[in-house]
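Hello,

Here is the structure I promised to pass on to you. Have a look at it first, and then read on for what turned up in it.

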Amino acid sequence: MQTPLGKVYLVGAGPGDPGLFTLKGKTLLEHADVVVYDALVSPQILAMINPKAEQINAGKRRGRHSLVQEETTRLLIAKAQTHAIVVRLKGGDPFVFGRGGEEMEDLVNAGVPVEVVPGVTSGIAAPAYAGIPLTHRSYSSSVTFVTGHESAGKYRPEVNWRAIAQGSETIVIYMGVHNLPHIVAELQAGGLSLHTPIALVRWGTRPDQEELLGTLGTIAQQVEETGFEAPAIAVIGNVVQLHSVLAGCRPAIYPAI
């Protein structure tokens, strides 16, 4: 393989609010030759891309795949052979359930220079914009971040939800709406009460953010009755009670910089 001309930057776009996008990420978008972006990157951040750059949608949503993972990696390797600045723009943070580690490993093995630019992850930002602190001295001193959507052929067959139920005072679940009935049942089997508060935050930090609050005993039925859909973050634990006190202090959504 020829020596690559350029470098690939794995850039975290954050959860949606363009005000949470990093200055480093913005600078790279403005100077990029190629941008390969995910489905959940907000339009305001896409608007920051150099108008002369080649833009490629590699977005993955449940049931709707633009490019499979292997194709995306091959594309990045190929573009780095002929372009100086290749940006892989990923929703949230590349290294938090974003497959950034996999992509970076493949790029390193292919001899392509690569750098990660962290982003604000939705598991922190969405609860914050909903008025739910993940830790609080009166409610929680521990947080577990876990994916509710596992891939086939992974390193182990499934998340041990029953162990997680006993291992943390606050549980934050990414991509868990589709499997919520199973997750809730396993957490209850692990010892969590039916009355444990839970909040689902959809499109966190965006103007159309919405929340659905309930308990482990009611949330699955609430989702079915309201038609609440992904993408959403689930927060489980007593910190959810603070939503009623703090939700009125929701941060403003900033326009594109």
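A residue counts as buried when its relative accessible area is under 20%, as exposed when that area is over 50%, and as partly exposed in between. Ala199 has a relative accessible area of 0%, so this residue is buried. Please keep in mind that this is a predicted model.

Let me stay with Ala199 for a moment. You will find this residue in strand β10. Its C-alpha atom is separated by 8.9 Å from that of Ile132, although the two residues are 67 residues apart along the chain.

Next, the nonpolar interior. The largest nonpolar core has 23 residues, and Leu187 and Leu200 are those with the most contacts inside it. Several elements each supply at least two residues of this core: the helices α6 (161-167), α7 (180-189) and α8 (219-226), and the strands β9 (170-174), β10 (197-202) and β12 (232-236). The largest share comes from α7, with four residues.

Now to the charges. Side chains of opposite charge can pair when their charged atoms come close. How many salt bridges does a search of the whole structure find? There are ten, and a few of them deserve a closer look.

Start with Glu115, whose side chain meets that of Lys7 in a salt bridge of 2.9 Å, N to O. Lys7 lies in strand β1 (residues 7-12) and Glu115 in strand β7 (residues 114-117), so this pair ties together parts that are 108 residues apart in sequence. Glu115 also forms a salt bridge with Lys24, where the closest N and O atoms are 2.7 Å apart. This second pair links distant parts of the chain as well, since Lys24 sits in helix α1 (residues 23-31), 91 residues from Glu115 in strand β7. Are the two lysines buried or exposed? Lys7 has a relative accessibility of 25% and therefore counts as partly exposed. Lys24 is also partly exposed, because its relative accessibility is 45%.

Another pair to look for is Arg88 and Glu103, which form a salt bridge with the closest N and O atoms 3.2 Å apart. Arg88 lies in strand β6 (residues 85-90) and Glu103 in helix α4, so the bridge ties together parts that are 15 residues apart in sequence. Both Arg88 and Glu103 are buried. Salt bridges that share partners join these two with Asp38 and Lys90 into one network.

Finally, two patches on the surface. Which residues form the negative patch? They are Glu70, Glu71, Glu102, Glu105 and Asp106. Helices α3 (69-82) and α4 (100-109) each supply at least two of the residues in this patch, and α4 gives the most, with three. Glu102 has its place in α4 and counts as partly exposed because its relative accessibility is 44%.

The other patch is nonpolar, covers about 360 Å², and is made by Phe97, Ile124, Phe145 and Met175. Phe97 is found in the loop between β6 and α4. With a relative accessible area of 38%, Phe97 is partly exposed.

I hope this helps you find your way around. Enjoy exploring!

Best wishes

Conventions. Residues are numbered from 1 along each chain as its sequence is written. This is a predicted model: local features need pLDDT of at least 70, side-chain atom pairs count only at pLDDT 80 or more; totals for chains, interfaces and linings use all residues. Side-chain values use heavy atoms; hydrogens and water are left out. Patches are made of residues with over 30% relative accessible area and no salt bridge: like charges are joined within 9 Å, nonpolar side chains (Val, Leu, Ile, Met, Phe, Trp, Tyr) within 5 Å. Accessible areas come from the Shrake-Rupley method with a 1.4 Å probe; for residues, only the protein chains shown count as cover. A salt bridge is a side-chain nitrogen of Lys or Arg within 4 Å of a carboxyl oxygen of Asp or Glu. Lys and Arg count as positive and Asp and Glu as negative; His and the chain ends are not counted. The place of a charge is taken as NZ of Lys, CZ of Arg, CG of Asp or CD of Glu. Buried means under 20% relative accessible area, exposed over 50%, partly exposed in between (1.4 Å probe, protein chains only). A nonpolar core is a set of buried Ala, Val, Leu, Ile, Met, Phe, Trp, Tyr and Cys residues joined through side-chain atoms within 4.5 Å.
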